[in-house]
Amino acid sequence: MGQPHRQDDDADEAGVDAGAEAGKPPLGVGMVGYAFMGAAHSQGWRTVGRVFDLPRRPVLAAVCGRDAAAVRSAADRHGWAAAETDWRALIERDDVDLVDICTPGDSHAEIAVAALAAGKHVLCEKPLANTVEEAEAMALAAEDAYQRGQLAMVGFNYRRVPATALARNMVAEGRIGSLRHVRVTYLQDWLVDPEFPLTWRLRKELAGSGALGDLGAHIVDLAQYVAGEQVVGVSALTETFVRERPLPSGASSGLTAVSAAGVGQVTVDDAALFTARLTSGALASFEATRFATGRKNALRIELNGDRGSLAFDLERLNELSYHDHTEPGERAGFRRILVTEPEHPYLDAWWPPGHGLGYEHTFVHQARDLVHAIESGRPPAPSFADGLQVQRVLAAVEESAAKNSVYVAI
Ligand code: SOE
């Protein structure tokens, strides 16, 4: 962990950032893709070496995108030293040790497998892939690369919220006893407007699935991470509420089923609801939707055990609610843990208690954990194998939903 940052240290910490990084061997990062996740990952790579005391100094060596002018502008905006228009060139660069994949899911497997074969470490955005078959190939390539000292991580960043990491530790310590329920929802509303155009996330051939892979992947991984258990079977419903949408301006003719009116078919789910059984026999419920009108990025998880409960709400990211059922009745009830103490995961490198972190800090923590894993040679978590397991859950959800919610074992 980094050195505690205290207000009274400011006087003699001028320039400490440079000092903290100076003399550390570089870790060249090459990123493919520069949209929302590319921006978030860039922030993580720019910041991590200036906050945490790392064994290697991340260097933003090159960013890649197909449009030369746009990727050059992204390089300037996000602090990348160079711009490439072909990912095959990026993964061969001598100044790139780690390839960070921030593209739509249809290219994850091809880029990751090639980058691992080229001797690079890999960080791949979630979900790992668009299909189980692709995820299996990635996990196999990662296993082979690990024998050569190369590491691969998938970017389930919500594991790296201090409050969710604390929740996992508390479950592992037995603070809530034997797990009975996990209840997770991830609610957004950016597709409620039927005039929202048919972007890549709404096309199966590019995104693999809709809310299920985009939001459902997060909550399956987070539930498994916090609970310390795995989903062993699901019963599911999925729905596509708006089945055709206007084509985005300049849409390629590659769209399937385009009508003369300039609309295209939505080929992914808008919402997925599923129940699940976990390893211990605990029961879980999951909801992932882009039609929860008024909810913007509302991820909530609650775990109930026979000795207590834990609850987290991404909209109150610095807090964890805890009910200790062993407390006498007159004192029992959910209490708020403000997760900003230096003893809390990641916090000793940030601000004094009570100052709080945000969504972007999860990408700084993700970068920190990957750099330490690379230095130690120990497999990072979540690994590609973890990503493959999530992919199997997603596939089971789709199979169950296609068979009128029949229970599908994994
Ligand atoms: C979906 O809009 C999305 O951008 C996800 O793809 C991200 O993984 C999530 O962190 C925020 O919402």
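Biologist: Where does Arg-77 lie?

Modeller: Arg-77 lies in helix H3, residues 68–78. Helices here are DSSP runs of H or I with at least four residues, strands are runs of E with at least two, and both are numbered from the N terminus. Keep in mind that this is a predicted model: local features need pLDDT of at least 70 and side-chain atom pairs count only at pLDDT 80 or more, while totals for chains, interfaces and linings use all residues. Residues are numbered from 1 along each chain as its sequence is written, and side-chain values use heavy atoms, with hydrogens and water left out.

Biologist: Why does Arg-77 count as exposed?

Modeller: Its relative accessibility is 52%. Exposed means over 50% relative accessible area, buried means under 20%, and partly exposed is in between, using a 1.4 Å probe and protein chains only. The value for Arg-77 is over the 50% mark, so the label is exposed.

Biologist: And what makes Tyr-346 buried?

Modeller: Tyr-346 has 8% relative accessibility, which is under 20%, so it counts as buried. This tyrosine sits in the loop between strand E16 (334–338) and H10. Its phi is near 75°, a positive value in a residue other than glycine.

Biologist: How about Asn-404: buried or exposed?

Modeller: Exposed, because its relative accessible area is 75%. Asn-404 is not a glycine, yet it has a positive phi of about 55°. You'll find Asn-404 in the loop between H11 and strand E17 (408–409).

Biologist: Which peptide bond leading to Pro-127 is cis?

Modeller: The one from Lys-126 to Pro-127, with omega near -15°. Pro-127 belongs to the loop between strand E5 (121–125) and helix H6 (132–147). From Ala-381 to Pro-382 the peptide bond is cis too, with omega near 0°.

Biologist: How do you know that E5 and E6 pair?

Modeller: Two strands pair if DSSP finds at least two bridges between them. E5 and E6 have four, in the parallel sense, so they pass. In one of these spots, Cys-124 stands opposite Val-154 in E6. The path from E5 through H6 to E6 is a right-handed β-α-β crossover. Right-handed means that, with the strands pointing away from the viewer, the path from the first strand over the helix to the second runs clockwise.

Biologist: Which way do the residues of E6 point?

Modeller: Ala-152 and Val-154 go one way, Met-153 and Gly-155 the other, and all are buried. In a regular strand the side chains alternate between the two faces of the sheet.

Biologist: How do E7 and E13 run?

Modeller: Antiparallel, with eight bridges joining E7 (residues 179–187) to E13 (residues 298–305). Val-182 stands opposite Leu-303 in E13. E7 is also joined to E12 (residues 283–289), by seven bridges, and those two run parallel.

Biologist: What makes Lys-24 and Asp-53 a salt bridge?

Modeller: A salt bridge is a side-chain nitrogen of Lys or Arg within 4 Å of a carboxyl oxygen of Asp or Glu. The closest N and O atoms of Lys-24 and Asp-53 are 2.8 Å apart, so the pair fits. Side chains of opposite charge can pair when their charged atoms come close. Lys-24 is partly exposed at 21%, and Asp-53 is partly exposed at 39%. The structure holds 25 salt bridges.

Biologist: What does Arg-88 form with Asp-86?

Modeller: A salt bridge, with the closest N and O atoms 3.3 Å apart. Arg-88 forms another salt bridge with Glu-110, at 3.5 Å. That pair links distant parts of the chain, Arg-88 in helix H4 (residues 87–90) and Glu-110 in helix H5 (residues 108–117), 22 residues apart.

Biologist: How far from an oxygen atom of the ligand is a polar side-chain atom of Lys-126?

Modeller: The separation is 3.1 Å. For Tyr-158 the value is 2.8 Å, again to an oxygen atom of the ligand, and for Gln-188 it is 3.0 Å. A polar contact is a pair of N or O atoms within 3.5 Å; within protein, one must be able to donate a hydrogen and the other to accept it, and residues adjacent in sequence count only if both atoms are side-chain atoms. Taken alone the ligand exposes 300 Å², and the protein buries 91% of that. Those areas come from the Shrake-Rupley method with a 1.4 Å probe; for residues, only the protein chains shown count as cover.
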